[in-house]
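Welcome, and please open the model in your viewer. We will take it one selection at a time, starting from the whole chain.

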Amino acid sequence: MQTQQSILVTGGAGFIGSNCVDYFLSKDTQRYYVNLDAFTYAGSEQNIAFAKKNYRYTLVKGNILDRNLLDALFEKFRFQGVIHFAAETHVDNSINGPGEFARTNVLGTQTLLDAARNYWMTGPFQKKDEFSNARFLNVSTDEVYGSLAINVPSFTEKSPFAPNNPYSASKAGADLLVRSYNKTYGFNAVTVHCSNNFGARQHSEKFIPSIIHRALAGENILIYGNGQNIRDWIYVEDHCRAIDIAFRKGETGESYNIAGKNERTNLELAMAVLQILDKLKPRMDGKTYREQILFVADRPGHDFRYSMDIAKINSELGWQPQTDFHNALLATVTALLLGA
Ligand SMILES: NC(=O)c1ccc[n+]([C@@H]2O[C@H](COP(=O)([O-])OP(=O)(O)OC[C@H]3O[C@@H](n4cnc5c(N)ncnc54)[C@H](O)[C@@H]3O)[C@@H](O)[C@H]2O)c1
């Protein structure tokens with residue numbers, strides 16, 4: 001009889017984690033998923049409503065910093081893999097309070113790595129055999145590479161880390177710990193670096209939801225600096241597909257860049273969102289929401305451009321983004337308007 005395979009997902013009540021859990025549950029019909037989430041302000045019950053109906057889903061409310069809890073969960077569920085999303089994720093918050101970012105993103109990741117290594121790699125050889133293919137997938141960001149000028153080549157996996165804000169520095173710290181566990185202990189780990197995600201369930205503090213929220217509230221739509229900073233946008237479902245492939249087929253010790261190849265200035269993106277909003281929910285006075293745009297003082301350490309080369313994941317794992325940007329943006333704005 002085949003034993004049941006359980007995967008630990010951390011941060012599965014957040015934006016990307018919850019979208020990915022739904023994707024995993026619908027894509028494979030075998031594995032069980034245990035979502036460990038601390039339900040910080042960024043976690044939401046609404047995000048996990050769909051997953052909760054699935055018998056292969058278990059929710060555990062708890063913190064990745066709680067080593068006793070982690071050990072108990074490993075013992076109980078005998079995880080064959082970890083997909084690690086849990087993090088403090090908002091750059092502005094990291095500028096106001098870096099401590100929480102160091103604790104959750106660096107120390108939290110290290111605590112989780114230790115618990116997984118302890119469970120998978122110590123003890124009698126029969127146990128080590130059973131978990132010899134167990135893998136840790138670390139979900140990271142393009143921001144660890146720092147900022148790029150316009151018209152220069154995109155970052156590759158070989159580009160050095162050069163984080164410019166406490167959020168990206170804490171993610172880079174976590175990535176380096178993951179790397180060190182692989183090099184030092186032979187721990188089976190893969191890291192993925194993804195560009196800016198968009199889709200349903202994103203917290204209202206993030207760029208696209210905040211544009212919609214402020215537009216509808218009749219408030220100014222705030223854009224840092226002159227709006228010319230460039231981000232590369234990927235639909236969350238394309239990211240989930242890439243994570244799934246990297247988890248199953250990635251090479252241990254390697255990292256893979258994931259991007260939508262949709263570079264837009266912040267102003268361009270805001271205009272595109274507001275154009276959709278003008279059609280779906282026109283202003284009462286017949287004017288365009290674009291009139292509400294207000295440029296404000298730039299964010300300190302604001303990276304100018306993020307751009308990543310995705311040739312490696314494309315050639316080695318066969319992944320590329322599949323979603324049409326405009327359709328996905330329309331679907332996102334529609335979903336966010338409906339409160340998703
Ligand atoms: N959003 C993006 O565009 C983007 C891009 C690339 C990479 N990432 C990475 O993807 C991951 C998920 O990002 P997101 O946008 O979904 O984040 P999010 O802020 O929406 O969700 C984070 C989740 O982690 C949980 N969490 C926070 N601290 C925790 C702790 N100590 N223990 C357990 N759970 C905790 C929160 O409750 C929340 O559910 C993060 O690691 C982030 O760095 C995000």
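A residue is called buried here if 20 or more other C-beta atoms lie within 10 Å of its own. Keep in mind as you look around that this is a predicted model. By that cut-off, 44% of the 340 residues of the protein count as buried.

**The whole protein**

Begin with everything shown as a cartoon: you should find 11 helices and 12 strands. The radius of gyration is 20 Å, close to the 20 Å that the globule rule gives for 340 residues, so the protein is as compact as a globular protein of that length. Along the principal axes, the C-alpha atoms fill a box of roughly 70 × 45 × 40 Å. Turn on contacts if you like: among those with a separation of 6 or more, 83% are between residues 24 or more positions apart.

**The open sheet**

Next, select the 7 strands that form an open sheet, and follow them in the order β3-β2-β1-β4-β5-β6-β10. Their pairing is parallel. Go to the edges, where you will meet β3 (57-61) and β10 (255-258); each has a single partner strand, so one side of each is left without a neighbour in the sheet. Look along the sheet to see the twist, which averages 20° from one strand to the next.

Now zoom in on β1 (residues 6-10) and β2 (residues 32-37), which run parallel and are joined by 5 bridges. Pick Leu-8: which residue in β2 is its bridge partner? That partner is Val-34.

**Two helices across the sheet**

Add helix α1 (residues 15-27), which lies across β1, β2 and β3. Its direction is at about 170° to β2. Then add helix α4 (residues 98-121), found across β1, β4 (81-84) and β5 (135-141). Helix α4 runs at about 175° to β4.

**Strand β9 and its partners**

For the last stop, select β9 (residues 230-235). Is this strand largely enclosed or largely open? Of its 6 residues, 5 are buried, so β9 is largely enclosed by the rest of the structure.

Show its partners too. Strand β7 (residues 196-198) pairs with β9 in the parallel sense over 3 bridges, and here Phe-198 stands opposite Tyr-235 of β9. With strand β11 (residues 263-265), β9 pairs in the antiparallel sense, again over 3 bridges. To see one of these pairs, pick Asp-232 and look for its bridge partner in β11, Glu-263.

Technical notes: Residues numbered from 1 in each chain as written. Predicted model: local features only at pLDDT ≥ 70, side-chain atom pairs only at ≥ 80, totals over all residues. Helix = DSSP H or I, 4+ residues; strand = E, 2+ residues; numbered from the N terminus. Rg over C-alpha atoms; globule rule 2.2 N^0.38 Å. Buried ≥ 20, exposed ≤ 12 C-beta atoms within 10 Å, placed from the backbone. Contact = placed C-beta atoms within 7 Å. Pairing = 2+ DSSP bridges. Axes fitted to C-alpha atoms, helices over the stretch in contact; angles between N-to-C directions.
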